[in-house]
Amino acid sequence: MTEATPLDPEDRKIITLARSARARNGVPEGAAVRDETGRTYVAGTVALDSLRLSALQTAVAMAVASGATSLEAAAVVTEAERAADADRAAVRDLGGPETPVLVAGLDGVLRTTVPAGDA
């Protein structure tokens, strides 16, 4: 998917939420996931001496802790060109291999969308 392809409004929403989390918390990445009921969970990178989680891992953990049983979509705002393997694995664990992972730049522009199961 490219920026020329229209984004679903719900997907645009999770990119916007992810971008806001990154900016608000001054962290390297922001992420948001949407569960099977449409609820969203937003997080930033966690970088403590004793605990390190990417923004997407944190958002998935928040969804699980809140009782989500599946994911419809995930988004990460990052400088990286693609979602890390560990991030896609976390999304895949809860949402399955076909769950779309949207990767946007720091400007919020969608770079790519890949199923969580893709390498």
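Helices (H or I, at least four residues) and strands (E, at least two) are DSSP runs, numbered from the N terminus, and that is how the loop holding A80, between β5 and α3 (85-95), gets its limits. Keep in mind that everything below comes from a predicted model.

**View A. The whole chain, before zooming in, has 3 helices and 7 strands.** Walk along the sequence and the elements come up as α-β-β-β-β-α-β-α-β-β. The C-alpha trace spans about 40 × 30 × 25 Å along its principal axes. A compact globule of 119 residues would have a radius of gyration near 14 Å, so the 13 Å of this chain agrees with that expectation. Buried residues make up 41% of the 119. Among contacts with a separation of 6 or more, 57% bring together residues that sit 24 or more positions apart. As for the outside, the accessible surface comes to about 5,900 Å², with 53% of it belonging to carbon and sulfur atoms. On the charge side, there are 12 positive and 17 negative side chains, and the centres of the two sets lie 4 Å apart.

**View B. R34 and D11 pair up across the fold in a salt bridge.** Side chains of opposite charge can pair when their charged atoms come close. The count for this model comes to 5 salt bridges. In the one shown here, the closest N and O atoms of R34 and D11 are 3.0 Å apart. R34 belongs to strand β1 (residues 30-35) and D11 to helix α1 (residues 9-25), so this pair ties together parts that are 23 residues apart in sequence. Are the two partners buried or exposed? R34 has a relative accessible area of 7%, which means it is buried. D11 comes in at 14%, so it counts as buried too.

**View C. R34 also has a salt bridge with E72.** Here the N to O distance is 2.8 Å. The two ends come from distant parts of the chain, with R34 in strand β1 and E72 in strand β5 (residues 71-77), 38 residues apart. E72 is partly exposed, with a relative accessible area of 37%; the cut-off for buried is under 20%, and R34 at 7% falls on that side.

**View D. D35 and R39 form another salt bridge.** The closest N and O atoms of this pair are 2.9 Å apart. R39 is partly exposed at 39% relative accessible area, whereas D35 is buried at 0%. Which residues do shared salt-bridge partners join into one network? Those are D11, R34 and E72.

**View E. D11 seen from its own side, in helix α1.** Leaving out neighbours within four places in sequence, D11 is in contact with R34, A73 and L102. Its relative accessibility is 14%, so it counts as buried. For a sense of scale, look over to G26: that residue is 15 places along the chain from D11, and the two C-alpha atoms are separated by 23 Å.

**View F. Helix α2 (residues 55-65) and what follows it.** Which residues of this helix are buried? They are A55, L56, T58, A59, V60 and A63. Just after α2 comes G67, and this glycine takes a positive phi of about 100 degrees.

**View G. A80 sits in the loop between β5 and α3.** With a relative accessibility of 32%, A80 counts as partly exposed. Not counting residues up to four places away in sequence, A80 touches V103 and R111. D35 is a long way off along the chain, 45 residues from A80, and the C-alpha to C-alpha distance between them is 24 Å.

**View H. G105 lies in the loop between β6 (100-104) and β7 (110-115).** Loop or not, G105 is buried, with a relative accessible area of 2%. What does G105 touch once residues up to four places away in sequence are set aside? V77, T78 and R111. R111 is also one of the residues touched by A80. L48 is 57 residues from G105 in sequence and 24 Å away in space, C-alpha to C-alpha.

Key: Residues numbered from 1 in each chain as written. Predicted model: local features only at pLDDT ≥ 70, side-chain atom pairs only at ≥ 80, totals over all residues. Heavy atoms only, no water. Salt bridge = Lys/Arg side-chain N within 4 Å of Asp/Glu carboxyl O. Buried < 20%, exposed > 50% of the residue type's maximum accessible area, 1.4 Å probe, protein only. Rg over C-alpha atoms; globule rule 2.2 N^0.38 Å. Contact = heavy atoms within 4.5 Å. Areas by Shrake-Rupley, 256 points an atom, 1.4 Å probe, with all protein chains shown as cover. Lys, Arg positive; Asp, Glu negative; His and termini not counted. Charge placed at Lys NZ, Arg CZ, Asp CG, Glu CD.
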